[in-house]
Amino acid sequence: MTLRWEAFLASVQERGEYETSQEADRAARVVLALLGAHLVGHERAELAARLPEAYALILLNPLQAAEPLSAERFVQATAAWIEGATAETAKWDVGAVLSVVADASGEELMRRVLLQLPPGYDLLFGRPQSA
């Protein structure tokens with residue numbers, strides 16, 4: 001089931017404790033663009049289908065990553081793209097957005113998405129995997 005734009009944004013705003021929906025939208029756009037650069041194939045398309053159209057398009061049309069970023073470098077890249085962000089605030093931004101994405105995706109799709117990503121992303125999605 002696809003989340004409506006308002007519901008997605010409200011969830012990100014609540015989890016990120018953003019004062020405005022514009023702050024939540026900015027975080028969502030940056031994080032989804034970076035995430036889209038790391039996913040391919042059916043999983044990226046299936047995940048996009050569960051997001052509101054505006055965010056799905058960002059996920060489907062990312063900048064191409066030269067190499068997969070570790071979870072730590074993903075957070076650093078997020079900080080670089082958000083004006084005034086630090087590593088700590090970017091980690092908060094990533095967690096707010098990706099936890100909503102994880103909820104929208106469901107367990108099976110989330111498992112397949114995590115298989116495409118380097119170790120450590122499970123924590124960014126708020127879905128720690130057992131060792």
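**A tour from the whole chain to helix H2**

In this predicted model, residues 24 or more positions apart account for 69% of the contacts with a separation of 6 or more in the chain. Keep the whole chain selected and colour by secondary structure: eight helices and zero strands appear, and from the N terminus the elements follow the order α-α-α-α-α-α-α-α. The radius of gyration is 13 Å, close to the 14 Å given by the globule rule for 131 residues, so the chain is as compact as a globular protein of that length. Along the principal axes, the C-alpha atoms fill a box of roughly 35 × 30 × 30 Å.

Next, switch to a surface view, where the accessible surface of the chain comes to about 7,100 Å² and 55% of that area belongs to carbon and sulfur atoms. Of the 131 residues, 47% are buried. If you then pick out the charges, 11 positive and 18 negative, their mean positions lie 5 Å apart.

Now select helix H2, residues 21–36. At 1.5 Å a residue, its 16 residues should span 22 Å, and the end C-alpha atoms are indeed 22 Å apart, which agrees.

Within H2, show the side chains of the buried residues, which are Ala24, Asp25, Ala27, Ala28, Val30, Val31, Leu32, Leu34, Leu35 and Gly36. As background for reading such a list, an α-helix has 3.6 residues a turn, so residues three or four places apart point the same way.

Finally, which helices do the buried residues of H2 pack against? Add to the selection helix H1 (5–16), helix H3 (41–49), helix H4 (53–60), helix H5 (71–81) and helix H6 (87–105), against which the buried residues of H2 pack.

Technical notes: Residues numbered from 1 in each chain as written. Predicted model: local features only at pLDDT ≥ 70, side-chain atom pairs only at ≥ 80, totals over all residues. Heavy atoms only, no water. Helix = DSSP H or I, 4+ residues; strand = E, 2+ residues; numbered from the N terminus. Rg over C-alpha atoms; globule rule 2.2 N^0.38 Å. Buried < 20%, exposed > 50% of the residue type's maximum accessible area, 1.4 Å probe, protein only. Contact = heavy atoms within 4.5 Å. Areas by Shrake-Rupley, 256 points an atom, 1.4 Å probe, with all protein chains shown as cover. Lys, Arg positive; Asp, Glu negative; His and termini not counted. Charge placed at Lys NZ, Arg CZ, Asp CG, Glu CD. Expected span 1.5 Å × (residues − 1).
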